[in-house]
Amino acid sequence: MGGGDDLGDDDQYLNVTTLDSDDEEQLSSKKRKHDDDEVGDNGKAEEKKKKKKSKQLFRDVAIQSCEEQASYLWECYSDALTGKLKRSDKRLPLDQIGPKFTEKSIVKFEADDDHNDDRNIAPNFKSVLSMKRLKKWKTKKSPMVIIICVSARRAMSVLKGLAPLKCRCAKLFAKHMSVEDQKSMLETGTYGVAAGTPNRLLKLCREGALDLSSTELVVLDGQEIHKTMNVCTLYDTAPDTMEFIMTYVQPGLTKGDTKLCMY
């Protein structure tokens, strides 16, 4: 016999299995499934990472970099406005809620890392604001600083902590004062600082009594309820907080005239 006959055909020599069309389709299907599973696993990992991030304590995020704070706030903001937050009636498309927050949107308190002690509120404000301008603030309807608090009681506590600053402060929450009284107060007086609850702040803006066109700093107070929930994540406050930011704070953020701050 000739030498070529001893080797057999080329496929036998190379030890290659020839696939018919059904085998090729089956292999292709398995590859697609493997790729889909890989994408799915990556997606689950990203989702897990996002959930872990959203569960961070506000007070821990508040001492991180401006970039980290911007990322945290954007996640809370988009969840509340696009319907991802439970019990939220907001269902806006992502492209309609405004540009993402960036590190340039954030001012970070530098005076003290301990945000749990109300005695540090005044020193922290002094670290980012001109006290001279704050005390001489003369723009009606538009406080220089607005602090968004989770409750009226918390707003009172924050204002008490700001007493050493010796500036005029407005109480913009439901307890003790009616909307009409607050409207009159804002229209006739000037206030360097206003502290209020999300729903009342939103209502006063809608009625034209509160105007943020001159406001320079919007502070999100991070007192936690039920161990981890705060004004940005609590079902009762997050939707109003984020609608307030979207409608009345975003224009100033876009222009660079207003900054956000986490406390």
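**Strands, loops and a cavity in the predicted model**

Lys 141 is partly exposed, with a relative accessible area of 29%. The model described here is predicted. Lys 141 belongs to the loop that connects helix H7 (131–135) with strand S1. Its phi is near 70°, a positive value in a residue other than glycine. Most residues other than glycine have a negative phi. A second lysine with a positive phi is Lys 166, where the angle is about 55°. Lys 166 is located in the loop between helix H8 (152–161) and strand S2. Because its relative accessible area is 70%, and the cut-off for exposed residues is over 50%, Lys 166 counts as exposed. The value of 29% for Lys 141 lies between the limits of 20% and 50%, and Lys 141 is therefore classed as partly exposed.

Lys 141 also has a spatial relation to a residue of a helix. The C-alpha atoms of Lys 141 and Thr 188 are 8.3 Å apart, although 47 residues separate the two in sequence. Thr 188 is part of helix H9. With a relative accessible area of 59%, Thr 188 is exposed. A polar atom of the Thr 188 side chain lies 2.7 Å from the backbone oxygen of Ser 184.

The strands may be considered next, beginning with S3. Strand S3 comprises residues 193–196 and is covered on both faces. Val 193 and Ala 195 are on one side, Ala 194 and Gly 196 are on the other, and all four residues are buried. Ala 195, a residue of S3, has a relative accessibility of 0% and so counts as buried. The distance between the C-alpha atoms of Ala 195 and Val 218 is 9.9 Å, and the two residues are 23 positions apart along the chain.

Strand S3 pairs with S1 and with S2. Strand S1 (residues 145–148) runs parallel to S3, and four bridges join them. Within this pairing, Ile 148 has Gly 196 of S3 as its bridge partner. Strand S2 (residues 169–172) is likewise joined to S3 by four bridges in the parallel sense. Two of the facing positions are Lys 171, which stands opposite Ala 195, and Leu 172, which stands opposite Gly 196. Between S2 and S3 the chain passes through helix H9 (residues 179–188), forming a right-handed β-α-β crossover. The faces of S2 are unlike those of S3: Ala 170 and Leu 172 form a covered face of S2, while Cys 169 and Lys 171 form an uncovered one, whereas S3 is covered on both sides.

Strand S1 also pairs with S4. These two strands run parallel and are joined by four bridges, with Ile 146 standing opposite Val 218 in S4. Strand S4 spans residues 217–220. Leu 217 and Val 219 point one way from this strand, Val 218 and Leu 220 point the other way, and all are buried. Strand S4 in turn runs parallel to strand S5 (residues 259–262), to which four bridges join it. In this pairing, the bridge partner of Val 219 is Cys 261 of S5. Together with helix H11 (residues 238–255), S4 and S5 make a right-handed β-α-β unit.

Val 219 also takes part in an internal space of the model. The structure holds one cavity of 30 Å³ or more. The volume of the largest cavity is about 30 Å³. Its lining consists of Ile 121, Phe 125, Ile 147, Val 158, Val 219, Asp 221 and Tyr 263. Six of the lining residues are nonpolar, none is polar and one is charged. The charged residue is Asp 221, because Asp belongs to the charged class, whereas Ile, Phe, Val and Tyr count as nonpolar.

Key
Residues numbered from 1 in each chain as written. Predicted model: local features only at pLDDT ≥ 70, side-chain atom pairs only at ≥ 80, totals over all residues. Heavy atoms only, no water. 1 Å grid on protein atoms, 1.4 Å probe; cavity = no way out; pocket = protein on both sides within 12 Å on 5 of 7 lines; lining within 4 Å. Points joined across faces, edges and corners; volume = space filled by probe spheres on them. Buried < 20%, exposed > 50% of the residue type's maximum accessible area, 1.4 Å probe, protein only. Pairing = 2+ DSSP bridges. Right-handed = clockwise from strand over helix to strand, strands pointing away. Polar contact = N/O pair within 3.5 Å; in protein donor to acceptor, adjacent residues only side chain to side chain.
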